[in-house]
Amino acid sequence: MKFTGTDKYVATNDLQMAVNAAVTLQRPLLIKGEPGTGKTMLAEQVAAALGMPLIQWYIKSTTKAHQGLYEYDAVSRLRDSQLGNDINDVSRYITRGKLWQAFASTDQNVLLIDEIDKADIEFPNDLLLELDKMEFHVYETGETIKAIHRPVIIITSNNEKELPDAFLRRCFFHFIQFPDKETMKEIIRVHYPDIKNELVQDALEVFFEVREAPGLKKRPSTSELIDWLKLLMSDDIPDEILSQRDQSKAIPPLYGALLKNEQDVQLLERLAFMHRRQN
């Protein structure tokens, strides 16, 4: 079965080809792109489209690679031994990680390793063997865990850190380009099928104007556009709020859904002031 997007996710031809190529090559798919461009949602929709369960591993700055395999609770075992409890069954003190869960599943699954660049620089290298061989050794029990079915692995990154070359060589890479206006219209229709065409047109004009403002610290993303449109569609907001807005004002209405820091608000205010002086 080929991935062609879903009724909840608009996938470009390039993205569809990348997903299907990674599945064919049986290599992890490394997805990069701006925050809010649907990298995490891609894994959810690939799992839904292929009819596979989804296992999600969300990476934090403190996450270690071994936690994806398993964690051994030596403290609990020591305490039980001091209390005279039976400690021969070591498996009682082992918690399976997300990779173990994916490897042990009787059904092929989609494994999402989300925001891998948040972890320590050595984190990707520490997973090379396991992702290559689809197996790992449990030292405390002496058993080797092998994948029953090779999972479809999707790894996301926001480019906060460079990933090691050895890790990159083992992945199929795709960068999600920010959607153009036509693609963005399709995405909007997925979320709001009944939205008025005039509102979509006016909102996209304002949205892309804001994104193209020079010097913006954080450009608004697709997810923030969707939130902004939800506000604009509410009954309390007049339909003409965008079409009749003052063009000399760079700050869009309800800007808090699009702009996330005071520096960008002040930047747009300065641009508006300069625009008024020139006119």
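Strand 6 and strand 7 form a hairpin in this predicted model. Four residues lie between the two strands. In the turn, Gly142 has a positive phi of about 80 degrees. The pairing of strand 6 with strand 7 (residues 143-146) is antiparallel and runs over four bridges. Within it, Val138 stands opposite Glu143 of strand 7.

Strand 6 covers residues 135-138, and its side chains alternate. Phe136 and Val138 point to one face and are buried. Glu135 and His137 point to the other face and are not buried.

**The largest core**

Phe136 also belongs to the largest nonpolar core, which has 30 residues. Leu99, Phe123, Phe136 and Phe167 are the residues with the most contacts inside that core. Several elements each supply at least two of its residues: strand 2 (54-58), helix 5 (98-104), strand 5 (110-114), helix 7 (128-133), strand 6 and strand 8 (152-157). Helix 5 gives the largest share, four residues. In soluble globular proteins, nonpolar side chains tend to be buried together.

What does Phe136 touch, not counting residues up to four places away in sequence? Its partners are Leu69, Tyr70, Trp100, Phe103, Glu130, Glu143, Thr144 and Ile145. Glu143, one of these partners, is also the residue opposite Val138.

Strand 2 shows an alternating pattern too. Ile55 and Trp57 point to one face and are buried. Leu54, Gln56 and Tyr58 point to the other face and are not. Strand 2 pairs with strand 5 in the parallel sense, over five bridges. Ile55 stands opposite Leu111 of strand 5.

**The second core and helix 11**

A second, separate core has 29 residues, including Val200, Ile226, Trp228 and Leu242. Ile226 and Trp228 are among the buried residues of helix 11. The others in that helix are Thr222, Glu224, Leu225, Leu229 and Leu232. The buried residues of helix 11 pack against helix 9 and helix 10 (197-211).

**The largest pocket**

The largest pocket holds about 480 Å³ of space. Its lining has 24 residues. Val10, Thr37, Ile176, Pro179 and Ile187 lie nearest the centre. Helix 1, strand 9 (172-176), helix 9 (181-191) and helix 11 (222-232) are the elements that give two or more residues to the lining. Which element gives the most to the lining? Helix 9 does, with four residues. By type, the lining divides into eleven nonpolar, ten polar and three charged residues.

**Positive phi outside glycine**

Most residues other than glycine have a negative phi. Met134 goes the other way, with a positive phi of about 60 degrees. Met134 lies in the loop between helix 7 and strand 6. Asn159 also has a positive phi, near 70 degrees, and is not a glycine. Asn159 sits in the loop between strand 8 and helix 8 (165-168).

Buried or partly exposed: which is Met134? Met134 has a relative accessible area of 6%, so Met134 is buried, the cut-off being under 20%. Asn159 stands at 41%, between the 20% and 50% limits, and therefore counts as partly exposed.

**Two helix positions**

Gln45 is in helix 2 (residues 39-50). Its relative accessible area is 11%, which is under 20%, so Gln45 is buried. Leaving aside neighbours within four places in sequence, Gln45 is in contact with Phe3, Thr6, Lys8 and Tyr9. Val23 is in helix 1 (residues 13-25). With a relative accessible area of 33%, Val23 is partly exposed.

Each of these two residues has a C-alpha separation on record here.

| C-alpha pair | Places apart along the chain | Separation |
|---|---|---|
| Val23 and Val90 | 67 residues | 36 Å |
| Gln45 and His191 | 146 residues | 14 Å |

Gln45 and His191 are thus 146 residues apart along the chain, with their C-alpha atoms separated by 14 Å. For Val23 and Val90, 67 residues apart, the C-alpha separation is 36 Å.

Terms used
Residues numbered from 1 in each chain as written. Heavy atoms only, no water. Buried < 20%, exposed > 50% of the residue type's maximum accessible area, 1.4 Å probe, protein only. Pairing = 2+ DSSP bridges. 1 Å grid on protein atoms, 1.4 Å probe; cavity = no way out; pocket = protein on both sides within 12 Å on 5 of 7 lines; lining within 4 Å. Points joined across faces, edges and corners; volume = space filled by probe spheres on them. Nonpolar A, V, L, I, M, F, W, Y, C, P; charged D, E, K, R; others polar. Core = buried A, V, L, I, M, F, W, Y, C linked by side-chain atoms within 4.5 Å. Contact = heavy atoms within 4.5 Å.
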